[in-house]
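Let's take a stroll through this protein model together. Have the picture open while you read.

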Protein chains: 2
Amino acid sequence: MARRARQSTTRRELVSNQILEQSAALFAERGVSGTSLQEVADALQISRTALYHYIGGKDELLATLVRGITQETAAALEQLAADESTAPLERLRLAIVDMVVRIASSPSRFRLLLMSESELDEKTATEHRRARRRTLEALERIVAAGVDAGALRPADQRTAAFALLGMCNWVAWWYRPDRDEQPPERVAETIAEIALAGLRAGDGRAATNGDAVGHALQLLREDLTLLERAVGARRAGAA
Amino acid sequence: MARRARQSTTRRELVSNQILEQSAALFAERGVSGTSLQEVADALQISRTALYHYIGGKDELLATLVRGITQETAAALEQLAADESTAPLERLRLAIVDMVVRIASSPSRFRLLLMSESELDEKTATEHRRARRRTLEALERIVAAGVDAGALRPADQRTAAFALLGMCNWVAWWYRPDRDEQPPERVAETIAEIALAGLRAGDGRAATNGDAVGHALQLLREDLTLLERAVGARRAGAA
C-alpha cells in the first residue's frame, strides 16, 4: 500500500513535469494568450479533463513555471555567494556554470519567463521581481568578493553583473538541447571561460601585501605614467 | 512651396517617431495583445483618427518597429565586418559599442522585439529572423578575423558570438535611459572592455586595440574604483 502510494506520487510528479515542459514550450512559441489549455492537452495527448486533474488553470500553470525557475536560481546563487570556503574566482565560475546549465537544459521555460512578464498576476509578478533582484545581488556580491581579493578587475559592479547575466540568459534564445551538438555543460564551460577572462585582474594588479589602499595608489601612479606615455606618443605622432 | 513640403515631411517623421517610441513602450510593458491603439493614442494625447493618419494598424506598427531595429543593426555590423582597414580588435570594440548604444538608447523597442516574436505576421517574422542571422554572422566574422590575426583567443566561435550578443542585448532589460546615472556611451565602454578582455589573447593589460590613451584612461578608472573600495573598507573597519 505504501509502495503504491509512492508510485502514484512519482507518476503524478512525472506527469506534472511533462505538463510544465510542454506548456512552457507552447507558451514560449505562441505566447501565453495565444495558447489554450486544450492545445496543451492535445500536445500531451491527454484530455482537457485529465489536464485539470493536475493543474488549476492557465494562471496557476504560468505561476508555477515562473516560481520554479527564478526562485531556484536565486537560492543557488545566494548559497554560492555565502560560501567563503571557496575562492572568489571559483565561486564566480560555479555561478556561471550553474546558471548556463540550468538555462540550456530548459531554454523554453526561460524564454517564456521574459516573454510573459506582462501577463503575470500581481502576486507572481512581485515574487518574480524579488527573485530576480536576489539573483542580481548575489552575483554582485560574488563579483565584489573577487575584486576585494584582487582576483577581479574593479569594473563597474552593476554593469559587470548584468553583462554576466546577459551572457547566461541569452543562452535561452539560441541553444536548443534537442538540436545542438554541444551538451549544456560544454556551453557553460565556454561561457564561464569568457566571463572569467573578461573580469579577471591582470597578473600585476592583485593586491598581495594586504595594504589595499597603498596598492591602489601604486596602480594609479603606474597608470598615470602609462597615460603620460600614451599622450606623449600621440603628440609625437601628430607633430 | 518646396520648403513647406519639407517642413511637413519633417513634422510627419517627428510624429511617426513619437508614435513608434510610445507604442514600443506600451507594447513592451503590457504586451502587444494587451495594448489597444486607443491606448497608444491616449498616451500621445491625440485622437485615434489622428493616429490612423500616420499608421495603417497595429500589425503595421509592430512590423515597422521590428524592421527598423533588426535591419539597422544587421547593416551596421556587416559594414564593420567588411572594414578591413580597421584592426580586428578595434572592429570588435566598435561593434559592441554600436550595439550597446543602440539598445541603451531605446531599450523598450528591443524588449518588445523579443517579447512579441510570437505575434509577428509571417512576412515580418521571416525578415526578422533573416536580420538576426545577418547580425550573428557579421559578429562571427569579426571574431574570426580577430582569431586569425592572433588578437583573440580561439574560443568556440558561435558560443563566443552569442555570449557577446547576450551581454549587449541584455542591456534592454536593465538599463533605463531616463533613470540611469550612466549615459549609454559609458555602459557601452564598460561592456566592450569586458567583452574584449573576455576574448583577448595573451596579456590583458596590453593596449591591443590601438587606442593607448583610451586604454590608459580605462585602467585609471579601474584604479580609482579600487581605491574608493579600499578606502571604504578601511572606514567600515574603523567604525
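Which residues of α7(B) are buried? Keep that question in mind while you find the helix.

## A helix in chain B

What you're looking at is a predicted model. In it, the buried residues of α7(B) are Thr124(B), His128(B), Thr135(B), Ala138(B), Leu139(B), Ile142(B), Val143(B) and Gly146(B). What do they pack against? Their partners are α4 (58–82), α5 (88–105), α8 and α10 of chain B. Here's a handy bit of background: an α-helix has 3.6 residues a turn, so residues three or four places apart point the same way.

You can also check the length of this helix yourself. Helix α7 of chain B covers residues 122–148, which makes 27 residues. At 1.5 Å a residue the expected span is 39 Å, and the end C-alpha atoms are indeed 39 Å apart, so the two agree. Just after α7(B), have a look at Gly150(B), which takes a positive phi of about 80°.

## Where the chains touch

Now for the meeting of the two chains. On one side there are 49 residues of chain B, in contact with 50 residues of chain A. Which elements of chain B give two or more residues to its side? They are α1 (2–30), α6 (107–115), α8 (157–169), α10 (184–199) and α11 (212–238). The top contributor is α11(B), with 16 residues.

What kinds of residues sit there? The side of chain B that touches chain A has 27 nonpolar residues, along with 11 polar and 11 charged ones.

## The build of chain A

Over in chain A, the secondary structure is easy to remember: 11 helices and zero strands. How spread out is the chain? Its radius of gyration is 24 Å, while the globule rule gives 18 Å for 239 residues, so chain A is more spread out than a compact globule. Its C-alpha atoms fill a box of roughly 80 × 50 × 40 Å along the principal axes.

Of the 239 residues in chain A, 37% are buried. As for the contacts with a separation of 6 or more, 76% of them in chain A are between residues 24 or more positions apart.

## Domains of chain A

The domain assignment splits chain A into domain 1 (1–56), domain 2 (65–206) and domain 3 (209–239). How far apart are the C-alpha centres of domain 2 and domain 3 of chain A? They lie 34 Å apart.

How values were computed:
Residues are numbered from 1 along each chain as its sequence is written. Chains are lettered from A and ligands numbered from 1 in the order in which they are written. This is a predicted model: local features need pLDDT of at least 70, side-chain atom pairs count only at pLDDT 80 or more; totals for chains, interfaces and linings use all residues. Two residues are in contact if their C-beta atoms, placed from the backbone, lie within 7 Å. Helices (H or I, at least four residues) and strands (E, at least two) are DSSP runs, numbered from the N terminus. Ala, Val, Leu, Ile, Met, Phe, Trp, Tyr, Cys and Pro count as nonpolar, Asp, Glu, Lys and Arg as charged, and the others, Gly among them, as polar. The expected span of a helix is 1.5 Å times one less than its number of residues. A residue is buried if 20 or more other C-beta atoms lie within 10 Å of its own, exposed if 12 or fewer, and partly exposed in between; C-beta atoms are placed from the backbone. The radius of gyration is taken over C-alpha atoms; the globule rule is 2.2 Å times the number of residues to the power 0.38. Domain bounds come from an automatic or database domain assignment.
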